[in-house]
Amino acid sequence: MSAPDGSPVGAERSIGQLFASATAEMSALVHDEIALAKAQLKQDVKRGATSGGAFTVAAAILVFSLPMLNFALAYGIHAWTGGHNGEDGWNLGWCFLLSFAANVLIAGVLALVGIVFAKKAKKGKGPQKVAASMKETANVLQKAKPHPRPEPPAIEDRTPEAIEAVARSSS
């Protein structure tokens, strides 16, 4: 009966075997963390694409409805200034000009909001938890060093019978 690494059950593993096992496990951990980072980035990209698509459709609907809003605003200004009860209100040209000015003002405010959010987006750092975990793993791997092996006995100390037995078994 033997353990998964081939060593007999109950026997202690050598330092080299322990280090090889630890290195393999750390390598698997690094690969798993990289896979996790990729999965998180993929999910973030999907969410961003969905969000971008929704904003694009909303913007298209808004763009196509702006002429109706401009006409309504201009005729509303005309009616508010007295044009609704047969009296002459403001000239419709001036009412449409005020409607345009209101649109420019709203566009300016939205541009400022967009600039603020763009600056905040540049400061974002992506999946920070995974990056911190990867740095910790890299630090652990850099500090891991194998223990020095004991010096093998000199060739003179070996018995000739043992050397012959090894020579015969390998031929």
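Colleague: Why is the crossing of helix 1 and helix 2 called right-handed?
Modeller: Seen from the front, a near helix turned clockwise from the far one by less than a right angle gives that hand, and the crossing of helix 1 and helix 2 is right-handed. This is a predicted model, where local features need pLDDT of at least 70 and side-chain atom pairs pLDDT 80 or more, while totals for chains, interfaces and linings use all residues. Residues are numbered from 1 along each chain, and side-chain values use heavy atoms, without hydrogens and water.

Colleague: What makes helix 1 oblique to helix 2?
Modeller: The axes of helix 1 (residues 15-80) and helix 2 (residues 92-123) come within 8 Å and cross at roughly 130°. That angle makes the pair oblique, as it is not under 35 degrees (roughly parallel), over 145 (roughly antiparallel) or 65 to 115 (roughly perpendicular).

Colleague: Which residues of helix 1 and helix 2 meet?
Modeller: Among them are Leu 66, Phe 71 and Tyr 75 in helix 1, and Leu 92, Phe 96 and Ala 102 in helix 2; contact means heavy atoms within 4.5 Å. By class, the contact has 11 nonpolar, four polar and no charged residues.

Colleague: What lines the largest pocket?
Modeller: Its lining is Leu 62, Leu 66, Leu 69, Asn 103, Ile 106, Ala 107 and Leu 110, where lining residues have an atom within 4 Å of a pocket point. Helix 2 gives the largest share, four residues. The lining divides into six nonpolar, one polar and no charged residues. The volume of this pocket is about 150 Å³.

How values were computed: Axes fitted to C-alpha atoms, helices over the stretch in contact; angles between N-to-C directions. Helix = DSSP H or I, 4+ residues; strand = E, 2+ residues; numbered from the N terminus. Nonpolar A, V, L, I, M, F, W, Y, C, P; charged D, E, K, R; others polar. 1 Å grid on protein atoms, 1.4 Å probe; cavity = no way out; pocket = protein on both sides within 12 Å on 5 of 7 lines; lining within 4 Å. Points joined across faces, edges and corners; volume = space filled by probe spheres on them.
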